[in-house]
Amino acid sequence: MTAGKRDFGKRIVVSLHDVTPRHFERLLRIDRFLENVGLGGCYSMLVVPNFWYRWPLREHRDFQAWLRARSDAGVEMVLHGYHHVDETSHPAAATRWKARVLTAGEGEFLGLGEPEAIRRLVLGRELLESIVGRPVLGFVAPAWLYGHAALRALGQLGFRFAEDHWRVWCPRTGATLARSPVVSYASRSSARIAGSLAWSRVARAALAPARVVRLAVHPHDFDESRLVGEIDRALRRFLAVRRPSLYRELAGQ
Ligand SMILES: [Zn+2]
């Protein structure tokens, strides 16, 4: 693909999920990988304030310094849950199914009541802003799962962007900012790996008409060489025809 065929009206938004001191070594490696494929600092980190109640950002000064340095280099910092673990009971059967099957129990913001959702969003945003020294405009729920209370809380608190599997929207106004299925990878079992490899391989053609393509990577994807190879291939092909972009640019910020 020649530079002349690059359509700069089309964008790709790349996100790195589960940014927590638990995965520090993997994250350093992934950050270098993203640099090597040509993204530089133009991607988004989804940061978890206290992963599984065991990895509080507050207590990891080296990790905080790294986040600040990456933010200074242009990486967008997005709040990603608070504990990243689902501790609610989900009374409705359909919700219970969603929580178990889709997330392996990490759909933290699916069953939370509104006061608790607000509390975690406020605390998480304040913490992350204090670490990186700039405003945090967006939130992505763990496993992309939002309950009604979480959706209301995001709007009340003025978040400028959020996303699920299907779209990016502005919680403050309700406006849709982009609509297309996210390209992501699963590393939990052979069947899921095969499924995500197949989707990734057809995504470039299937998503060609989309103004915005989103590609999400998780730390454990990089434990699996087949996934690393496919993520490398997919990113290079998307970047040949699309401009890397941040969520906040979709939100006009
Ligand atoms: Zn996550």
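**Exercise 1. Decide whether Trp66 is buried or exposed, then describe its ring partner.**

*Solution.* Trp66 has a relative accessibility of 12%. Buried means under 20% relative accessible area, so Trp66 counts as buried. Keep in mind that this is a predicted model.

Next, look for the partner. A search of the whole structure finds 10 aromatic pairs, and one of them joins Phe63 and Trp66. Their ring centres are 5.7 Å apart, with 45 degrees between the planes. Planes under 30 degrees apart count as stacked and those over 60 as edge-to-face, so this pair is tilted.

Finally, place the two residues. Both belong to helix α2 (residues 61–72), three residues apart, which is about one turn of the helix. Phe63 is buried too, with a relative accessible area of 2%.

**Exercise 2. Classify the ring pair of Phe51 and Trp52, and say what sets the backbone of Trp52 apart.**

*Solution.* Start with the geometry: the centres of Phe51 and Trp52 are 4.7 Å apart, and the planes make an angle of 25 degrees. That makes the pair stacked.

Now compare exposure. Phe51 is buried at 2% relative accessibility, whereas Trp52 is partly exposed at 29%.

Then turn to the backbone. Trp52 sits in the loop between β3 (50–51) and β4 (55–56). Its phi is positive, about 55 degrees, although Trp52 is not a glycine.

**Exercise 3. Find which residues hold the zinc ion, and work out which parts of the chain the pair Asp18 and His84 ties together.**

*Solution.* The donors are Asp18 (OD), His80 (NE2) and His84 (NE2), at 2.0 to 2.1 Å from the zinc ion. Along the sequence, their spacing reads D-x61-H-x3-H.

Asp18 lies in strand β1 (residues 11–19), while His84 lies in the loop between β5 (76–79) and α3 (93–103), so the pair ties together parts that are 66 residues apart in sequence. Asp18 is buried at 9% relative accessible area, and His84 is buried at 3%.

**Exercise 4. Work out how the buried residues of helix α5 (residues 148–156) are arranged, and what covers them.**

*Solution.* First list the buried residues: Ala149, Ala150, Ala153 and Leu154. Seen down the axis of α5, they fall within an arc of 135 degrees, so they line one face of the helix.

The face turned away from that buried side carries the exposed residues His148 and Gln156. The elements covering the buried residues include α4 (114–132), β6 (138–139) and β7 (161–163). Just after α5, Gly158 takes a positive phi of about 75 degrees.

Methods
Residues numbered from 1 in each chain as written. Predicted model: local features only at pLDDT ≥ 70, side-chain atom pairs only at ≥ 80, totals over all residues. Heavy atoms only, no water. Buried < 20%, exposed > 50% of the residue type's maximum accessible area, 1.4 Å probe, protein only. Helix = DSSP H or I, 4+ residues; strand = E, 2+ residues; numbered from the N terminus. Arc of directions from axis to C-beta. Contact = heavy atoms within 4.5 Å. Donors = N, O, S within 2.8 Å, 3.2 Å for Na, K, Ca; no water. Phe/Tyr/Trp six-rings, centres within 6.5 Å; stacked < 30°, edge-to-face > 60°.
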